[in-house]
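The exercises below ask you to read domains, sheets and helix packing from a set of coordinates. Please work through each task before turning to its solution.

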Amino acid sequence: MAYKNEWWKTGVIYQVYPRSFQDSNGDGIGDLPGIMQRLDYLQWLGVDAIWVSPCFPSPMVDFGYDISDHTDIDPIFGTLADMDALIEAVHARGIKIILDYVPAHTSDQHPWFIESRASRDNPKRDWYVWRDPAPDGGPPNNWLCRFDGETVWEWDEKTGQYYMHYFFKAQPDLNWHNPELRATMLNILRFWFDRGIDGLRVDACYRAIKDPLFRDNPPNHDWHDGMDPSLKMIEKYTKNLPAVHQFNRWVRAVADEYDERMLIGELYLSTEQVVTHYGQNDEFHLPLNSGIFSTPWYAEAMHGLVDHYESSLPEGAWPNWVIGNHDKHRFATHVGKAQARVGMMLLLTLRGTPTLYYGDEIGMADVEIPLDEIQDPWEKSAPNLGLGRDPERTPMQWDSSPNASFCQAEVSPWMRLSDDYKQVNVASSRDKPYSMLSLTQAIIQLRRATAALSIGDYYSLYAPEGIFAYRRLQDDEHIIIALNFTPYPKTWILPVEMRGVSTILLSTLLDRQGEKLGESLDLRGDEGVILGRCS
Ligand code: NOJ
């Protein structure tokens with residue numbers, strides 16, 4: 001098949017949030033041996049790659065995105081030997097493994113930062129972003145911290161300067177303009193590629209490079225009370241600076257030293273901006289396309305998004321799609337349980353690499369976390385704005401036994417489980433032919449077996465209000481997807497060439513397989529179908 005050496009084009013990626021996947025050692029926190037125990041499941045589901053969110057040594061202020069050692073594993077999750085064993089075990093099953101790479105900041109407990117803050121003339125001083133106070137003694141400029149909307153500048157009494165932290169003050173920003181820091185950080189990529197991993201998801205990459213002039217951001221006149229406090233300023237000088245593309249090329253050049261390695265760039269930008277991060281095929285293989293998160297859930301809006309994204313892609317660039325991750329509210333909560341099936345069909349039938357977030361395949365929803373159990377420091381620093389990420393990070397629901405078998409019955413899980421775990425879990429869903437899990441697995445299987453679905457071209461089709469329909473085409477293989485974004489029945493007169501020759505390959509309700517169609521397609525409310533040509 002085409003793309004032989006580009007597994008990431010045909011592959012389905014599955015994000016494992018390691019704290020919440022499977023506990024193996026009785027501390028109520030998921031770990032690497034726990035992931036090992038669940039590889040049979042992932043293989044059965046049919047995913048091609050797992051992306052394991054940060055598992056490196058960390059004080060866990062930001063749940064692992066505050067790294068204090070880039071080349072080891074936090075004891076909570078296991079050991080380096082456990083990671084080696086995991087890499088070997090997934091590869092033995094033909095599955096790839098992607099880890100996180102966090103270039104924009106470290107933990108304030110990282111030895112580099114401890115040295116950097118020790119004195120102004122420490123050799124590592126310039127590895128971080130240090131600035132003198134403004135003439136009035138205050139912070140050097142008006143940049144705001146993402147997590148509390150206060151200044152990004154933290155005063156260091158001992159050395160009489162401010163350091164920058166775009167995220168928590170425990171996450172000082174790195175200075176990629178410093179050549180030694182740059183070389184050291186790039187060697188960390190080599191460390192993990194040498195260990196055999198297949199790809200890296202590059203965290204907050206569009207924030208790696210800071211404005212060398214440290215100019216003030218302009219005020220956001222649309223901001224009002226009740227909005228995310230960090231949006232008071234327009235982020236003109238704190239994200240996506242032109243020099244970020246140079247950063248992208250640095251990391252890509254390292255990936256290109258190896259065969260078949262892949263880089264995903266984490267970006268939350270407009271479509272026009274996202275697509276610039278492919279570069280001339282010398283930046284990210286997959287710059288994160290977060291369009292589905294930011295587009296209202298109705299057919300016409302989604303049609304517009306997909307067409308716009310497809311037509312914006314540079315020559316040869318491969319698309320990607322995502323409906324959930326550890327920073328976004330659960331998709332089943334966002335669009336409702338019935339539409340979540342339609343969303344799953346959309347994710348897995350669009351042209352491009354899909355990433356599934358653990359638990360979305362069984363329809364896990366956000367869990368309301370009582371005030372005294374809140375753990376995400378974002379919720380703690382900007383409360384009651386719906387920004388907290390605990391609700392989408394709850395333990396995986398494996399079966400109906402106590403703690404859903406995420407951890408032993410007598411152990412307290414690090415985060416409460418959803419009350420619905422007795423009904424919504426892997427074991428019971430596997431047994432039910434009409435479950436969300438059965439649907440997810442069936443679409444993945446069909447995708448794998450159908451070149452048009454995995455690598456075929458995309459063309460949107462005219463369809464009545466409420467339906468988003470598109471064609472996927474590869475050689476003479478011809479597939480149509482029709483998704484009803486409403487709870488009402490809809491009828492669609494099929495395109496001429498599909499009339500009388502179409503058959504339903506799969507419905508989101510899993511009950512019409514093999515049904516032959518005449519001139520039109522009747523969709524039930526909240527139903528999506530995949531059509532093929534009768535043979
Ligand atoms: C993006 C990560 O996905 C998020 O969880 C984290 O808080 C920030 N980057 C800071 O590293």
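Two strands pair if DSSP finds at least two bridges between them, where strands (E, at least two residues) and helices (H or I, at least four residues) are DSSP runs numbered from the N terminus. The model is predicted, so that local features need pLDDT of at least 70 and side-chain atom pairs count only at pLDDT 80 or more, whereas totals for chains, interfaces and linings use all residues. Residues are numbered from 1 along each chain as its sequence is written, and side-chain values use heavy atoms, with hydrogens and water left out.

**Exercise 1. Describe the sheet that contains β9, and find its edges.**

Solution. Begin with the strand order, which is β9-β8-β7-β3-β2-β1-β11-β10 in an open sheet of 8 strands with parallel pairing. Next, look at the ends: β9 (286-287) and β10 (320-322) each have a single partner strand, so one side of each lacks a neighbour in the sheet. Finally, inspect one end in detail, where strand β8 (residues 262-265) runs parallel to β9 and is joined to β9 by 2 bridges, with Gly265 standing opposite Pro287 of β9.

**Exercise 2. Repeat the analysis for the sheet of 3 strands.**

Solution. This open sheet has the order β4-β6-β5, and its pairing is antiparallel. The edges are taken by β4 (130-131) and β5 (153-156), each with a single partner strand, so each has one side without a neighbour in the sheet. Between β4 and strand β6 (residues 161-164) there are 2 bridges in the antiparallel sense, and Trp130 stands opposite Tyr163 in β6.

**Exercise 3. Characterise the packing of α12 on α15.**

Solution. Axes are lines fitted to C-alpha atoms, for helices over the stretch in contact, and angles run from 0 to 180 degrees between N-to-C directions. On this basis, the axes of helix α12 (residues 337-349) and helix α15 (residues 436-449) come within 10 Å and cross at roughly 20 degrees. That makes α12 roughly parallel to α15, the term being used for angles under 35 degrees. For the partners, apply the contact criterion (heavy atoms within 4.5 Å): Ala340, Arg341, Met344, Met345, Leu348 and Thr349 of α12 meet Met436, Leu439, Thr440, Ile443, Ile444 and Arg447 of α15. Sorted by class, the residues of this contact are 8 nonpolar, 2 polar and 2 charged, where Ala, Val, Leu, Ile, Met, Phe, Trp, Tyr, Cys and Pro count as nonpolar, Asp, Glu, Lys and Arg as charged, and the others, Gly among them, as polar. As a last step, relate the helix to a sheet: α12 lies across β10 and β11 (353-357), and runs at about 140 degrees to β11.

**Exercise 4. Which residues make the contact between α6 and α7?**

Solution. Helix α6 (residues 179-194) and helix α7 (residues 244-255) pack at about 35 degrees with their axes 10 Å apart. Arg182, Leu186, Leu189, Arg190 and Phe193 of α6 and Trp250, Val251, Val254 and Ala255 of α7 make the contact, which by class has 7 nonpolar, no polar and 2 charged residues.

Notes: Parallel < 35°, antiparallel > 145°, perpendicular 65-115°, else oblique.
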